[in-house]
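Notebook open, structure loaded. I want to go through a few charged pairs, one helix and the loop after it, and jot down what I find.

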Amino acid sequence: MSRAARVRLFWAAALLFAAGYVVACLELPPLGGPFHPYGERAVAAALGRRTANTVSSVNFDLRGFDTLGEEFVLFTAALGAVLLLRRTRDEHVSAPRPGRVLPTVRLAGTVLLPVVLVTGVYVVAHGQLTPGGGFQGGVVLATGLHLAYLAADYRVLRRVRPRAVLEVAEAVAAGAFALLGLIGLVRAGSFLENVLPLGTFGALASGGQVPVLNAAVGLEVASALVVVLAGFIDQALEIES
């Protein structure tokens with residue numbers, strides 16, 4: 001395709017999307033009024049699916065397909081970073097030297113590391129009940145692991161974050177989200193349709209497959225962040241050109 005043809009194709013697509021965006025905005029309800037059609041429907045849907053956290057109901061039920069797209073955006077970004085940061089043939093690996101850590105920093109990191117990890121698991125596990133969820137909990141988990149780097153050194157960090165395992169975990173979590181969608185398609189006739197018991201409202205095992213999708217996102221976010229940061233840290237501390 002010539003450059004002129006690509007430019008014409010771009011402008012045709014841009015104008016089409018712009019026209020659709022304008023038409024959609026014209027149909028939006030006015031801001032600041034008493035009429036909230038989306039909020040009322042979202043709350044009703046969350047209560048119907050016995051999901052106490054309406055935001056999680058929206059993310060993993062009402063617009064679960066959109067969340068699947070966000071998850072694969074993260075997966076693709078992490079994959080691209082890993083490929084760009086991989087060791088090339090002319091680079092050599094050297095053992096990182098241990099750094100000096102202040103006793104207060106070591107103590108704070110040692111105490112906080114398990115607390116942060118437990119907090120991350122809690123945020124992920126209760127995503128269908130309280131504010132938070134897989135995205136937020138995954139970031140907390142990834143951050144907690146790196147306290148080992150601050151409290152000790154790089155060698156300790158490598159032992160607590162098995163990079164190869166986390167690379168597999170990220171792919172498995174992303175695939176699990178898509179697989180649950182396909183199970184809903186086969187058993188209930190639509191992609192990501194709930195096929196699990198809804199449970200009791202407010203209980204940990206409630207919301208159907210919302211907590212399962214939430215857990216898959218938490219695992220993928222935590223794994224992806226650790227893998228990407230591992231690539232940067234490895235380049236900075238181990239690779240010699």
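I started with Arg-163, which is partly exposed at 21% relative accessible area (buried is under 20%, exposed over 50%, partly exposed in between, with a 1.4 Å probe and protein chains only). This is a predicted model, so local features need pLDDT of at least 70 and side-chain atom pairs count only at pLDDT 80 or more, while totals for chains, interfaces and linings use all residues. Residues are numbered from 1 along each chain as its sequence is written, and side-chain values use heavy atoms, with hydrogens and water left out.

**Entry: the Arg-163 pair**

Which residue does Arg-163 form a salt bridge with? I found Asp-234, with the closest N and O atoms 2.6 Å apart (a salt bridge here is a side-chain nitrogen of Lys or Arg within 4 Å of a carboxyl oxygen of Asp or Glu). The two come from distant parts of the chain, 71 residues apart: Asp-234 belongs to helix H10 and Arg-163 to helix H9, residues 163-188. Helices are DSSP runs of H or I with at least four residues, numbered from the N terminus. Asp-234 counts as buried, at 12% relative accessibility. I then looked for further partners and got a network of salt bridges that links Arg-161, Arg-163, Glu-167 and Asp-234.

**Entry: other salt bridges**

I searched the whole structure and the count came to eight salt bridges. Reminder to self: side chains of opposite charge can pair when their charged atoms come close.

One of the eight joins Asp-61 and Arg-49, at 3.2 Å between the closest N and O atoms. Asp-61 sits in helix H3 and Arg-49 in the loop between H2 and H3, twelve residues apart. Asp-61 is buried at 19%, whereas Arg-49 is partly exposed at 24%.

I also noted Arg-155 with Asp-153, at 2.8 Å from N to O. Arg-155 is partly exposed at 41%, and Asp-153 is buried at 12%.

**Entry: helix H2**

H2 covers residues 37-48, twelve of them, and reaches 16 Å from its first C-alpha to its last. That is close to the 16 Å expected at 1.5 Å a residue, the expected span being 1.5 Å times one less than the number of residues.

Which residues of H2 are buried? I get Pro-37, Ala-42 and Ala-46. They lie on the same side of H2, because they cover an arc of only 155° around the axis (taken from the directions from the helix axis to the C-beta atoms). What do they pack against? It is helix H3, residues 54-62.

**Entry: the loop after H2**

Just after H2, Arg-50 takes a positive phi of about 60°. Thr-51 is in the loop between H2 and H3. Is Thr-51 buried or exposed? Buried, at 1% relative accessible area. Leaving out residues up to four places away in sequence, Thr-51 touches Ala-46, Ser-57, Gln-128, Phe-201, Gly-207 and Val-210 (contact means heavy atoms within 4.5 Å). Ala-46 is thus on my list twice, as a buried residue of H2 and as a contact of Thr-51.

**Entry: a surface patch**

Last lookup: Leu-102, Val-105, Tyr-149, Leu-150 and Leu-237 make a nonpolar surface patch of about 400 Å². Leu-237 is in helix H10, residues 210-237, and is partly exposed at 31%. Patch residues have over 30% relative accessible area and no salt bridge, with like charges joined within 9 Å and nonpolar side chains (Val, Leu, Ile, Met, Phe, Trp, Tyr) within 5 Å. The areas come from the Shrake-Rupley method with a 1.4 Å probe, and for residues only the protein chains shown count as cover.
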